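User: I would like to go through this model with you, starting with its pockets and cavities. Could you set out the terms as we go?

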Amino acid sequence: MTTLLTGATGFLGSRLLLALLRREEHVTALGRGSSTSLRARVRAALAAVAGGDVGPREAARLRCVGGDITRPWLGLPPAVYGRLACEAEAVWHCAGDIALTGERDRLLRTNVRGTAHVLEFAAATARSCRLVHMSTIAVAGGRDAGHVEEEDLTDAYGFETHYDESKYRAEVLVRAWARRHERSAVVLRPSVVASDTELPAGAPGHPLDVFGKLLDAVAAGGGPGMPTAAVRHRDGMRLRLCVPADASINIVQDDYATEAMLRIGQDAPRHSPGVRTFHIVHPSETPMRLIMEAVESRYPGLSITCVDELPDPTPAERYIATGISGFLSYSRHTRTYGRTGTLALTGGLTDPPPVDRGYLVRALGGGTVQGGPVPDPPPVPHTTLAL
């Protein structure tokens, strides 16, 4: 099978790409820049996922084409566009802007206009071509409670961030495309996908890894008001976060998420025209308190308290809250997610194990669990947390 995949250098896209290549699929990775520079970035992302450079057989099945989903014709010459459309037997649209606090126009340009251009491309493929669209549980927007079924899609609750809105509008486009062309499509909605394996420098990060880097920057003096490690170890430090004490968030391991997505998007029998949506989530929510304990384990002397209001934040508290504002907004939800369709198409796939404190410590980027001190790392640039 020949697959066109966007977003190959992202955290999930690179994992899906590696899995497809190992299944002996031929994959065309579409991304920004020249084909040469794109191939270098894709190979680097694959090496980070595989723990070393991919083998020659996998590399031979990979083709990289420079383009841009935000531009008409995907930024490709018409002849190249037509050839790729004729060849494609599956389209995996994994590209997107995932900055929770990103500017609305930028998010809409990539996540909505970009999706529209990918759908135009998919319409030019054979009717038997599979279309898999990567979405997110964030499309539930401001709905803070209740049970979200896989087919639910509404803007009645408003949105927490512009990111939510952009992904919601992208799903609306996919449904309209399927109706207009009488085609089928699969929509995947992962929760917070994380990995507890060490990521090499420059590798695409997941939300908890980005969270850990932000904390590292503050701990190393990158944020105003944070005492030095020596002072913190001696006197301790209290950090308050405006999060309900009983808050939780859905975190799912990357190996389970990748396998479930492949079984649904690539292996499942083709269905009749229309869109089928699947939640790629953990069966149990992760308590926010457990995440805070994992953070405390990485920084001896640090104590984190969850509060309902924070009227007088310290500079360090303000810095952290700004950097993870989107993450904190999702942690206030108590909603749960149906996974009936996912379970039906992933029979035999064992549920992921519980997300415990040790896993969270590793996912945040290292450290010890209630052990010795963790040396403060060098400062890193401020990065917006993404879901």
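Analyst: Certainly. Helices (H or I, at least four residues) and strands (E, at least two) are DSSP runs, numbered from the N terminus. This is a predicted model, in which local features need pLDDT of at least 70, side-chain atom pairs count only at pLDDT 80 or more, and totals for chains, interfaces and linings use all residues. Residues are numbered from 1 along each chain as its sequence is written, and side-chain values use heavy atoms, with hydrogens and water left out.

User: Which element gives the most to the lining of the second largest pocket?

Analyst: Helix H9 does, with 5 residues. A pocket is an open set of points on a 1 Å grid over the protein atoms alone, with protein on both sides within 12 Å along at least five of seven lines; a cavity is a set of points where a 1.4 Å probe fits but cannot get out, and lining residues have an atom within 4 Å of a point.

User: What else lines that second largest pocket, and which residues lie nearest its centre?

Analyst: The lining has 17 residues, and Arg 15, Val 49, Asp 254, Asp 255 and Thr 258 lie nearest the centre. The elements giving two or more residues are helix H1 (11-22), helix H2 (35-50) and helix H9 (254-267).

User: What is its volume, and how does the lining divide by class?

Analyst: The volume of the second largest pocket is about 320 Å³, where grid points are joined across faces, edges and corners and a volume is the space filled by probe spheres set on the points. Its lining has 7 nonpolar, 3 polar and 7 charged residues. Here Ala, Val, Leu, Ile, Met, Phe, Trp, Tyr, Cys and Pro count as nonpolar, Asp, Glu, Lys and Arg as charged, and the others, Gly among them, as polar.

User: Now the enclosed spaces. How many cavities of 30 Å³ or more are there?

Analyst: The search of the whole structure finds 4 of them. The largest cavity has a volume of about 120 Å³. It is lined by 14 residues, with Arg 130, Val 186, Pro 269, Arg 270 and His 271 closest to its centre.

User: Which elements give two or more residues to that lining?

Analyst: They are strand E5 (130-134), E7, H9 and E12. E7 gives the most to the lining of the largest cavity, with 3 residues. By class, this lining divides into 8 nonpolar, 3 polar and 3 charged residues.

User: And what is the volume of the second largest cavity?

Analyst: About 100 Å³. Of its 11 lining residues, the closest to the centre are Ile 137, Ile 249, Asn 250, Tyr 330 and Tyr 337. The lining holds 6 nonpolar, 3 polar and 2 charged residues.

User: Back to E7 and E12. In which sense do they pair?

Analyst: Strand E7 (residues 184-190) and E12 pair in the parallel sense over 7 bridges; two strands pair if DSSP finds at least two bridges between them. Thr 277 in E12 is the bridge partner of Val 187.

User: How many residues of E12 are buried?

Analyst: In strand E12 (residues 274-280), 5 of the 7 residues are buried, and the strand is mostly covered. Buried means under 20% relative accessible area, exposed over 50%, and partly exposed in between (1.4 Å probe, protein chains only).

User: Changing topic, where does Val 307 lie, and what does it touch?

Analyst: Val 307 is in strand E14 (residues 302-307) and counts as buried at 15% relative accessibility. Leaving aside residues up to four places away in sequence, Val 307 touches Arg 240, Leu 241, Cys 242 and Val 243, a contact being heavy atoms within 4.5 Å. Val 307 and Arg 240 are 67 residues apart in sequence, and their C-alpha atoms are 6.6 Å apart.

User: Which backbone angles should I look at in Glu 24 and Leu 74?

Analyst: Phi, in both cases. Glu 24 has phi near 65 degrees, a positive value in a residue other than glycine, and lies in the loop between H1 and strand E2 (26-31). Leu 74 has phi near 60 degrees, again positive in a residue other than glycine, and is found in the loop between strand E3 (62-66) and helix H4 (78-87). Leu 74 is buried, with a relative accessible area of 2%.

User: Finally, how many helices and strands does the chain have?

Analyst: The chain has 14 helices and 15 strands. Of its 387 residues, 54% are buried.
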